[in-house]
Amino acid sequence: MKLMQHAQYLAYNPGVSPKQGGLPGLDVLKNVMGSINLFGIIAAVGALVISAVVWAWGHHSGGHQAEQNGKKGTAIAAGCALLLGAANGIVAFFSAMGTQVH
């Protein structure tokens, strides 16, 4: 019966939490993720510029579909930049919320 109680306790509280420095190469992984995030932000800037040019070209040439696609691309690129810039905060927020679940 004691083994059953111990198994139930582990099922509810396994005692696992994030730990800094637990694995080798953690600093390298952080640098890689930071570089990928920077690459994504630079790509979002490029997409924003291209979409704004398409939007302006569509507006001035009377191409309504190009204008709408430019608007859509501008909004998507801006949203991607927002998410990429806020990635650490978003993950930290939901990680903190996850620690409140029991």
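How many helices and how many strands does the secondary structure of the protein come to? It comes to four helices and zero strands. The model is a predicted one, and the tour below proceeds from the whole chain to individual side chains.

**Whole chain**

Begin with the full protein in a cartoon representation and follow it from the N terminus: the elements run α-α-α-α. Next, display the molecular surface. About 8,500 Å² of the protein is exposed, and carbon and sulfur atoms supply 71% of that area. If the 102 residues are coloured by relative accessibility, the buried ones make up 10% of them.

**Helices α2 and α3**

Select residues 26-61, which form helix α2, and then add residues 64-85, which form helix α3. The two helices pack with their axes 7 Å apart, at an angle of about 160°. Because that angle is over 145 degrees, α2 is roughly antiparallel to α3. The crossing of α2 and α3 is left-handed.

Two C-alpha pairs may be used to inspect this pairing. For the first, select alanine 56, which is found in helix α2, together with alanine 66. These residues are ten apart in sequence, and their C-alpha atoms are 8.9 Å apart in space. Alanine 56 has a relative accessibility of 35%, and therefore counts as partly exposed. For the second pair, select valine 53 and glutamate 67: the separation is 14 residues in sequence and 9.4 Å from C-alpha to C-alpha.

**The salt bridge in α3**

Keep glutamate 67 selected and show its side chain; its place is in helix α3. Is glutamate 67 buried or exposed? With a relative accessible area of 13%, glutamate 67 is buried, since the cut-off for burial is under 20%.

Now add lysine 71. Which interaction joins the side chains of lysine 71 and glutamate 67? They meet in a salt bridge, with an N to O distance of 4.0 Å. Side chains of opposite charge can pair when their charged atoms come close. Both lysine 71 and glutamate 67 lie in helix α3, and they are four residues apart, about one turn of the helix. Lysine 71 counts as partly exposed because its relative accessibility is 32%, whereas glutamate 67 is buried. A search of the whole structure finds one salt bridge.

**The nonpolar patch**

Finally, return to the surface and select Val28, Leu29, Val32, Met33 and Ile36. What kind of surface patch do Val28, Leu29, Val32, Met33 and Ile36 make? Together they make a nonpolar patch of about 460 Å². To examine one member more closely, centre the view on methionine 33, whose place is in helix α2. Methionine 33 counts as partly exposed because its relative accessibility is 45%, a value that lies between the limits of 20% for buried and 50% for exposed.

Methods:
Residues are numbered from 1 along each chain as its sequence is written. This is a predicted model: local features need pLDDT of at least 70, side-chain atom pairs count only at pLDDT 80 or more; totals for chains, interfaces and linings use all residues. Side-chain values use heavy atoms; hydrogens and water are left out. Patches are made of residues with over 30% relative accessible area and no salt bridge: like charges are joined within 9 Å, nonpolar side chains (Val, Leu, Ile, Met, Phe, Trp, Tyr) within 5 Å. Accessible areas come from the Shrake-Rupley method with a 1.4 Å probe; for residues, only the protein chains shown count as cover. Buried means under 20% relative accessible area, exposed over 50%, partly exposed in between (1.4 Å probe, protein chains only). Axes are lines fitted to C-alpha atoms, for helices over the stretch in contact, and angles run from 0 to 180 degrees between N-to-C directions. Angles under 35 degrees count as roughly parallel, over 145 as roughly antiparallel, 65 to 115 as roughly perpendicular and the rest as oblique. A crossing is left-handed if the near helix is turned anticlockwise from the far one by less than a right angle, and right-handed if clockwise.
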